[in-house]
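Biologist: Could you walk me through one part of this model in detail? I'd like to see how two of the chains meet, and then what one of them looks like inside.

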4 protein chains.
Amino acid sequence: MQQVYSLFMHKLPVGVLGASGYAGRELCALISQHPGLSLAFATANSQAGTTAELPGGERIEFITKEAAPVGDVALVFSALPHGASREWVERARTAGARVVDLSNDLRIGNGSNGVPYGLTEARRDTIRGAELVANPGCYPTAILLALLPLVESGLIAPGATISVAAASGVTGAGLTPRLDLLFGEVTENFRAYGVGNTHRHLNEMRALLAEHGADCDLLFTPHLLPTARGILATITVPVTSVPDDLLGVWRRRYVGERFVEIVDSMPELRHVVHRNTVRISAVAAAHLRQPTLLVFSAIDNLVKGAAGQAVQNANLMLGLEETQGLPA
Amino acid sequence: MQQVYSLFMHKLPVGVLGASGYAGRELCALISQHPGLSLAFATANSQAGTTAELPGGERIEFITKEAAPVGDVALVFSALPHGASREWVERARTAGARVVDLSNDLRIGNGSNGVPYGLTEARRDTIRGAELVANPGCYPTAILLALLPLVESGLIAPGATISVAAASGVTGAGLTPRLDLLFGEVTENFRAYGVGNTHRHLNEMRALLAEHGADCDLLFTPHLLPTARGILATITVPVTSVPDDLLGVWRRRYVGERFVEIVDSMPELRHVVHRNTVRISAVAAAHLRQPTLLVFSAIDNLVKGAAGQAVQNANLMLGLEETQGLPA
Amino acid sequence: MQQVYSLFMHKLPVGVLGASGYAGRELCALISQHPGLSLAFATANSQAGTTAELPGGERIEFITKEAAPVGDVALVFSALPHGASREWVERARTAGARVVDLSNDLRIGNGSNGVPYGLTEARRDTIRGAELVANPGCYPTAILLALLPLVESGLIAPGATISVAAASGVTGAGLTPRLDLLFGEVTENFRAYGVGNTHRHLNEMRALLAEHGADCDLLFTPHLLPTARGILATITVPVTSVPDDLLGVWRRRYVGERFVEIVDSMPELRHVVHRNTVRISAVAAAHLRQPTLLVFSAIDNLVKGAAGQAVQNANLMLGLEETQGLPA
Amino acid sequence: MQQVYSLFMHKLPVGVLGASGYAGRELCALISQHPGLSLAFATANSQAGTTAELPGGERIEFITKEAAPVGDVALVFSALPHGASREWVERARTAGARVVDLSNDLRIGNGSNGVPYGLTEARRDTIRGAELVANPGCYPTAILLALLPLVESGLIAPGATISVAAASGVTGAGLTPRLDLLFGEVTENFRAYGVGNTHRHLNEMRALLAEHGADCDLLFTPHLLPTARGILATITVPVTSVPDDLLGVWRRRYVGERFVEIVDSMPELRHVVHRNTVRISAVAAAHLRQPTLLVFSAIDNLVKGAAGQAVQNANLMLGLEETQGLPA
């Protein structure tokens, strides 16, 4: 029925809670270009009453979340901060709206209580038609989409440690006035952070790998890049053996997927920024006694790693075409 | 006797072959500020007859290497390209000059024939007074100085694979007119290269580790950073156990070293650029069945990773104070 | 009629000569997303036989320009180098194709011989239905669109010197392997070039201003920004008086224009990159004896300053909707 | 007598008020390398009790300014915020210390009450031996040093408007947690700010020009560059005539000056960053009815534009060699 609506140029109204951050702005921009959705409200309590410009030049006006008519929209995106989101997800659900929550609060490994996990290419069946979906973290999106085909094919050496060195642009840290994110501190610099397996995203990744039956440990070391956007994960995976058609492992798993690209060159940030795409490649490491793969996975942290995947999930929840409004 | 010279304000004449590249320019700049050395010539065949400005504002004039009076100087630095350097090293040696070769040609693992390897903090005794030294590669400098204390302390799990994800600024690729190094192609980008253990520096690192008795495999994955300078190596090391005083492993090994800093925060590029310093830290990874360390090592690829270490070695070869003319 | 074609999913075939440079790549990317055009060929003699990836992930295959079926397409875009384009424009015209020439060769002030000048918002009437259009330079697009309303309103002080300090990202210099465009030379740097009124674009701007009856001199000083894209022109204009409704001068002139934004805040590069938009603002300078305006104009040099405006002109030449396929 | 001290390797103790900002950090770094000065204290009330790392790797400990022994040092540098500095300058003067004030509070045009203005190359005589000096702003340093030779030579067209388009790296805005200074907002961006002759530095420049007898108006338009450091000022100057030896105007004025470079190529930021140097060039604009010069001036805003010039002035005030401790 919703498809009928959009056929007749009607658009489904949606709202964004927490619209002034990087993910929230990206959501508003995607919605403003979406053929089947219209932006009914955008909240930002600290900037209520002011307007902001979207990347495409359009302006939106912020209201407080308390003033948001969450019951009058088909779906609410919550891009509220971790910890603050859960309460407003419940309010929106009580008011009858479907919800995509972009925070950490309801993700697998963080007290999800059965909320579907929005890693679309892995969980499409539980997302389609769902009323509430927990959108994955940016790093987990890049890393899990790269690892799942290996887990499912049984190639990972039992008990092995998978080591992930990942790097993200600064928008991954949010639009917050931190001194260490000033241009003068980030340009010409590079550093690891959250080291020693302490990052918030670790539980999420370990929980999903465990659900898929992986018998492995995960070591995750994020780094801060002097770029605005983009994540590149470089993943070292001990395997039982190296298949002749190595990339075939991913190509078979993701056949027909519009937002997954398996390539035989190195994924680069510039290939994926501003796109709702994960780009994956892999090579076998030479000269090692333990057969080992290097897997590379690149996404735009704000699109496939946040707002884009959220719209992809919303499309499925609302019965729209999964690819609608998304820059492939 | 050379110290007597410099005491009386005399400076030892030195020359630079291949002075127009990034390492060559950095060498000329360091020599121009060095209290004990003076720049007698700088060659750059493609720019012979022209002058160039050093970072400090001084100008040098390029001559051809054929015109360089290699026999009239105390020491020649060769920053000629890999493959082209060996011949000129021999010419300079035949003419009686000491030589520091910054190319790959005479390094350990690449046909060194016993030429002392210039990883100063590891091989000071064979460098002091030597007539020819092969200066290490930039990545090996960062990685080997981080790994050697672990090798020497016997902590590395026997037969383990050490996985290195390293990232370098673009000057590491040299001052060459490659399209993929243009600003428009590098800004806001990040990518791996030379993957699958194919990088030129791998033999060098494996050979040195083997000489020090390490029983381990090495997996090395370099990345290109959107920065001008700097290398950060993030090294995953399976160990037999985690010592209580983890950083003590490096602190004890490098006690008294002026150009090594062991820190309990994360090494950042901005802490080491324009300095002849390697900064190292380490943490134990939590929640892994296999005890594993993360070791971080940062250098300026053009200073400690090239020209600075070359001057450090030249100081030792010429009987000067090791730290002379070097920005710590 | 062409609109009927596209309604039935027919697209007009077009070709790109010189498709491997920055403007050529941008053209191919725009065409690949254009609802009414399809890319019939893309030439790049030095890369003939190879493929390249467009920003959206699609791949194109390069052929030589000699092999290009210029007579089989509705329109040819020539992004060949200045000097080399004129000959191929003639070949394509002889073969019956309409042509948009992005080079300098046929622009006003450079031997145009009456070829319509493709500054769309100024010359729409001569562009619509034209068979050949000379697409403006990137700087002239930004500067002339900002100045024309002042010229037409007669506000410029007679005989005054208009001083333009403009800055461009490095893609403005093309995808050429110049050492001074390497990342290591451009990052953290800023410099003027082509100073003293020597830039190739000067004749173009002076000629157009003269055609519109401006009695003024033009001083143009371009600078190289450490960005990939974008031009910001800061224009000092002595005026006879300052109108009460200053921005009204531009708002009235550009009423209804989809690709012109008059704003009361400062135009920034990030507001216009990846968009076919010029953003203009102006303020009066305080405390000067000579009434003086500061006018600011920002564009994406590769979109509104090259490929985007070329498509805008092509749309008019082919009878398509002017805005088709263009990111506003 | 102070020179006797330093001759015997004694160092004069100095202190820094407001040491945690960019200028304060740079001051501490310069002092730590200065052969004649030692850092007795560094204040930063918000970080009192913590330590910070200087660029050279040294660490300093912050105290509150109330705890600073301002009477026990030979000289106090105040890098406190504009408005907050005046009070502490007075306290330090009352306690008997000489003071270099880097704030706006006592500069010419801003209520200086006769405090010597520390534009060293213009006011050396009043600075030497002074007990209090107001250090110039960063933009005024670059612009005034470029303009003074023209003013003194009488070349500027009477009553003319000098138009300055200047661009600065983000450290010019200080180490403050502003959203618009985050890396994600500045990278790949460029914009004017403080337009229409509203910038705080304007009074300072106009007052100094007036004192030197200039009969001209000044139009000043600053821009924010995506760089950490550096200022480039592009200055349009209507003149009565163009001298044959144009650069001779500056060369004669600055003969023997160690920190002024007159060059016949374009000044670039990379030529002056991390140096206490202003680099100036000029060309005549072609094809204008009104003879006009383009003058270019580049400095490091934190060195010659702040901390470096402050040390230069302190050297003169304390009777030390003017160039001591300064990176030319």
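Modeller: Sure, here is a look at the contact between two chains, followed by a sheet in one of them. Keep in mind that this is a predicted model.

Let's start where chain A meets chain D. On the chain A side, 18 residues are in contact with 18 residues of chain D. Together the two chains bury about 1500 Å², and 71% of that lies on carbon and sulfur atoms. There are charged links too: the count between chain A and chain D is two salt bridges. In one of them, E185(A) pairs with R25(D), with the closest N and O atoms 3.4 Å apart. Six residue pairs are in polar contact between these chains.

So who supplies the residues on the chain A side? Helices α2 (22-33) and α6 (183-186) of chain A each give at least two, and α6(A) gives the most, with four. Sorted by type, the chain A residues that touch chain D are 11 nonpolar, four polar and three charged.

Now over to chain D. Here five strands make an open, parallel sheet in the order β2-β1-β5-β6-β7. β2 (37-42) and β7 (132-134) of chain D are at the edges with a single partner strand each, so one side of each has no neighbour in the sheet. On average, neighbouring strands are turned by 20° against each other, ignoring direction.

Zoom in on β1(D), residues 12-17: five bridges join this strand to β2(D) in the parallel sense. V16(D), for instance, has A42(D) in β2(D) as its bridge partner. Finally, helix α3(D), residues 85-94, lies across β1, β5, β6 and β7 of chain D, running at about 165° to β6(D).

Definitions and conventions:
Residues numbered from 1 in each chain as written. Chains lettered and ligands numbered in written order. Predicted model: local features only at pLDDT ≥ 70, side-chain atom pairs only at ≥ 80, totals over all residues. Heavy atoms only, no water. Contact = heavy atoms within 4.5 Å. Buried area = accessible area lost by both parts, 1.4 Å probe. Salt bridge = Lys/Arg side-chain N within 4 Å of Asp/Glu carboxyl O. Polar contact = N/O pair within 3.5 Å; in protein donor to acceptor, adjacent residues only side chain to side chain. Nonpolar A, V, L, I, M, F, W, Y, C, P; charged D, E, K, R; others polar. Pairing = 2+ DSSP bridges. Axes fitted to C-alpha atoms, helices over the stretch in contact; angles between N-to-C directions.
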